[in-house]
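Biologist: I'm new to this one. Please pick a single part of the model, look at it closely, and then follow its links outward.

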Amino acid sequence: KYEPTSMQRMLHTDPTRFKVVVVGRRSGKSTYAFNEAIATCLEAPNKKVWILVPTYPQARDVYWRGSDITRSLTKDMYKKKNDAELMIEFVNGSILQLKSAERPESLRGSGLDLLIWDEVASTRGAKNIWEEIMLPSLSDKMGRAVFIGTPKGYNFFFDLYRKNKLANASLNI
């Protein structure tokens with residue numbers, strides 16, 4: 001049922017390991033993020049994918065309840081869907097989970113294949129969360145990261161954008 005826009009199609013096919021996507025509100029970034037996460041989970045067994053957002057209500061309301069995407073998964077695609085943990089376990093053993101950055105210590109210890117971090121600029125302590133927790137979680141599996149957000153002043157997200165623009169790895173939509 002998902003028909004990606006030209007922007008979403010470009011993001012899905014871009015091979016960059018760490019993408020920085022600067023987009024405005026209502027651009028389709030959450031739809032892109034969820035579909036990228038699902039595609040990663042389905043492409044190979046035992047993948048571990050997180051979508052990280054600033055707050056738990058955001059994870060629940062934007063991605064879990066507010067998305068037609070969770071309802072569009074067919075029963076043959078997943079083994080278990082856990083509403084309390086905001087987690088989907090696919091039939092191939094891959095796991096997609098929505099996470100909140102409210103308690104960064106709870107993010108430690110998992111090896112990830114893909115991290116999609118939505119609204120990076122609104123995440124309190126984003127730089128420390130990235131450097132101390134998320135980057136090491138991606139290292140052992142050479143996992144990918146997609147940083148998505150709307151500009152919100154000069155902060156960690158701005159620094160990521162500027163750094164990756166210099167490296168020609170940033171996608172400014």
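Modeller: One term first: a residue is buried under 20% relative accessible area, exposed over 50%, and partly exposed in between, using a 1.4 Å probe and protein chains only. What you have there is a predicted model, where local features need pLDDT of at least 70 and side-chain atom pairs count only at pLDDT 80 or more, while totals for chains, interfaces and linings use all residues. Residues are numbered from 1 along each chain as its sequence is written, and side-chain values use heavy atoms, with hydrogens and water left out.

Let's zoom in on strand β4, residues 87-90. (Helices and strands here are DSSP runs numbered from the N terminus: H or I with at least four residues for a helix, E with at least two for a strand.) Met-87 and Glu-89 point one way from β4, Ile-88 and Phe-90 point the other way, and all of them are buried. Glu-89 makes the cut with 18% relative accessibility.

Now for the neighbours. Two strands pair if DSSP finds at least two bridges between them. On one side, β4 runs antiparallel to β3 (residues 78-82), and 4 bridges join them. There, Tyr-78 sits opposite Phe-90. The two strands make a hairpin with 4 residues in between, and Leu-86 in that turn has a positive phi of about 50 degrees. β4 also runs antiparallel to β5 (residues 95-100), this time with 3 bridges. Ile-88 has Leu-96 as its bridge partner in β5. That's a hairpin too, again with 4 residues between the strands, and Gly-93 in its turn has a positive phi of about 90 degrees.

Let's go back to Glu-89 for a moment. Taking contact as heavy atoms within 4.5 Å, and skipping neighbours within four places in sequence, Glu-89 touches Tyr-78, Lys-79, Lys-80, Ser-94 and Ile-95.

Leu-96 leads us inward. A nonpolar core is a set of buried Ala, Val, Leu, Ile, Met, Phe, Trp, Tyr and Cys residues joined through side-chain atoms within 4.5 Å. The largest one here has 27 residues, and Ile-51 and Leu-96 have the most contacts inside it. At least two of its residues come from each of α1 (6-13), α2 (29-43), β2 (48-53), α3, β4, β5, β6 (114-118) and β7 (144-149). α2 gives the largest share, 6 residues. Another core, of 23 residues, lies apart from it, with Ala-101, Val-120, Ala-145 and Phe-157 among its members. As for Ile-51, if you ignore residues up to four places away in sequence, its contacts include Ala-33, Phe-34, Tyr-63, Leu-96 and Ile-116.

Tyr-63 takes us to helix α3 (residues 56-65), where Ala-59, Tyr-63 and Trp-64 are buried. Looking down the α3 axis, the buried residues fall within an arc of 85 degrees, so they line one face of the helix; the arc is taken from the directions from the helix axis to the C-beta atoms. Helix α1 has Met-7, Gln-8 and Leu-11 buried. Its buried residues fall within an arc of 95 degrees, so they line one face of α1 as well. Ser-6 and Thr-13, on the other side of α1, are exposed.

Finally, the charged links. A salt bridge is a side-chain nitrogen of Lys or Arg within 4 Å of a carboxyl oxygen of Asp or Glu, and the structure holds 10 of them. In one, Lys-29 and Glu-119 meet at 3.3 Å, N to O. This pair links distant parts of the chain, 90 residues apart: Lys-29 is in helix α2, and Glu-119 is in the loop between β6 and α5. Both Lys-29 and Glu-119 are buried. Arg-108 pairs with Glu-132, their closest N and O atoms being 4.0 Å apart. Arg-108 is partly exposed at 48%, and Glu-132 is partly exposed at 46%. Asp-113 and Lys-141 form another salt bridge, with the closest N and O atoms 3.3 Å apart. Asp-113 is in the loop between β5 and β6 and Lys-141 in the loop between α5 and β7, so this pair ties together parts 28 residues apart in sequence. Asp-113 is buried at 13%, while Lys-141 is partly exposed at 35%. And that brings us back to where we started: salt bridges with shared partners join Lys-79, Lys-80 and Glu-89 into one network.
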